[in-house]
Amino acid sequence: MSRPLRVAVIGAGPAGIYASDLLVKSNEEVSVDLYERMPAPFGLIRYGVAPDHPRIKGIITSLHKVLDNPKIRLLGNIDIGSDVTIDELRTFYDAIVVSTGATGDRDLRIPGADLPESVGAGEFVGFYDGNPDFERNWELKAEKVAVIGVGNVALDVARILAKTADELKVTEIPDNVYENLSLNQAKEVHIFGRRGPAQAKFTPKELKEVDESPTIEVIVDPEDIDYDQASEEARRASKSQDMVCQTLEGYALRDPQGAPHQIFMHFFESPVEIIGENGHVVGLKTERTELNGDGSVHGTGEFTTWDVQAVYRAVGYRSDPVNGVPFDEGEAVIPNDGGHVLDPETGEPITALYTTGWIKRGPVGLIGNTKSDAKETTDMLFLDWKDGKLPEPQNPEPEAVLSFLKEKKGLAVTTWDGWYRLDAAERAAGEPEGRERKKIVEWDDMVKHAGPQSHQGDLS
Ligand SMILES: Cc1cc2nc3c(=O)[nH]c(=O)nc-3n(C[C@H](O)[C@H](O)[C@H](O)COP(=O)(O)OP(=O)(O)OC[C@H]3O[C@@H](n4cnc5c(N)ncnc54)[C@H](O)[C@@H]3O)c2cc1C
């Protein structure tokens, strides 16, 4: 082929960015258009990672090197499946990689889950991380709050609820988030897990960090430290799980100091009902559980009602389908064999359609995990190309798709140069307050900086 291989990658989160990097850095001539629904790239690094995790947010800086490569063209503010169909994309590209990640909350089906103060953790994350798709005002009147789930997202939510607004003011949080958090009444945050410390999904560093704020102490009831044979094996098999258990044991051993904000971690408590009164949350009912020997638990029939006025459900994220791409509703992933998107009817790969990241394997794992994921997918894509399995698109020239997007579709495309302008504007907004950046939230404001009205020459 005398022209470069043309690939459309859909979703500029870590998975899509790493896949783009692997494609253009291969020994082959490849050019990538990286499509993104939001006006700004970086997916959950920008809209999931907590604002008081600047080191992780800093991964964005290392991803700059990837996106500075002129072989990758960022086309933001375009929703694939809605603004542009997969079939339309096929006319411009040899192959398409879907890396649309996850933004929604998995359901927790217990009575009372639909009460107004019972909310998905993802919604709260969307609020405090300044995602324009989410609520801009968050009422934080509850003094005692429950967080259901024992993973890092539960820790993020508990930490943000327990920290003072001033502790968070040094971060990138926008003004409306600071204003809402300054009215936060929460004094006690109760985290609940169905199983024990050896089954918790926390990572050791994040579990330690939650206790580091001077205004927070973590409290664990010594009764909640229990292990069965499978738990002991899990500790032996995983250094990280063992460290989590050791940290929780340390929390259980010490006496409470009476810090102004307390995070209680409860294990072996399975939430069975969110209690409502006059349409508002007044409690959470849990059933005590016991280990079975294999790491699973059974209910003991002993129930407790916890006095809480709000419940945050941190039981996992969930991916949304992309129109024109098969979706497994049960698993909430795109059916795949590790890289190819599979036709659910035949089980066979769909020509020139691939997937990577959280939409491929479900919403688990850290940013770094999306790298090996992307490698598996791009290896399959290259193999198919070499085997002549990728059909010739009608209009592979890079300019053809641009005029289609701008002239035929009338889209206000945001760009990589545009990101630099948005980045500069956010840094400038933070500077007078001595902060590294202050996030710009509103969709139109982001487009104003990163889009065509700001700089007509970006994509010419
Ligand atoms: C609350 C939270 C906190 C986290 N904290 C950490 C942490 O501290 N450290 C860590 O290592 N990991 C953390 N993670 C995990 C990390 O965010 C994920 O591993 C990673 O973001 C998954 O990458 P992805 O690219 O598959 O998905 P995403 O990051 O979700 O990116 C997908 C991108 O696709 C875009 N998109 C979606 N649909 C379309 C469409 N139709 N058209 C075009 N674009 C589309 C989205 O807007 C998004 O930008 C956290 C996750 C969450 C939820």
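Which residue in β8 does V147 stand opposite? In this predicted model, the partner of V147 turns out to be I191. The pair belongs to a run of five bridges that ties β7 (residues 144–148) to β8 (residues 188–192), with the two strands in the parallel sense. β7 also has β14 (residues 310–313) as a partner, again running parallel, this time through four bridges. Here V145 sits opposite A310. As for burial, four of the five residues of β7 are buried, so the strand is largely enclosed by the rest of the structure.

Another bit of strand pairing centres on β17 (residues 349–355). β4 (residues 95–98) runs parallel to β17 and is joined to it by three bridges, with V97 facing Y354 across the pairing. β16 (residues 340–342), on the other hand, pairs with β17 in the antiparallel sense, over two bridges, and L342 stands opposite P349. β16 and β17 form a hairpin with six residues between the strands, and G347 in that hairpin takes a positive phi near 75°.

Then there are the helices. The axes of α16 (residues 416–430) and α17 (residues 443–450) come within 7 Å and cross at roughly 120°. Angles from 65 to 115 degrees would count as roughly perpendicular and those over 145 as roughly antiparallel; α16 and α17 are therefore oblique to each other. On the α16 side, the contact is made by G418, W419, R421, L422 and A425, which meet M446, H449 and A450 of α17. By character, the residues of this contact split into five nonpolar, two polar and one charged.

Key: Residues numbered from 1 in each chain as written. Predicted model: local features only at pLDDT ≥ 70, side-chain atom pairs only at ≥ 80, totals over all residues. Axes fitted to C-alpha atoms, helices over the stretch in contact; angles between N-to-C directions. Parallel < 35°, antiparallel > 145°, perpendicular 65-115°, else oblique. Contact = placed C-beta atoms within 7 Å. Nonpolar A, V, L, I, M, F, W, Y, C, P; charged D, E, K, R; others polar. Buried ≥ 20, exposed ≤ 12 C-beta atoms within 10 Å, placed from the backbone. Pairing = 2+ DSSP bridges.
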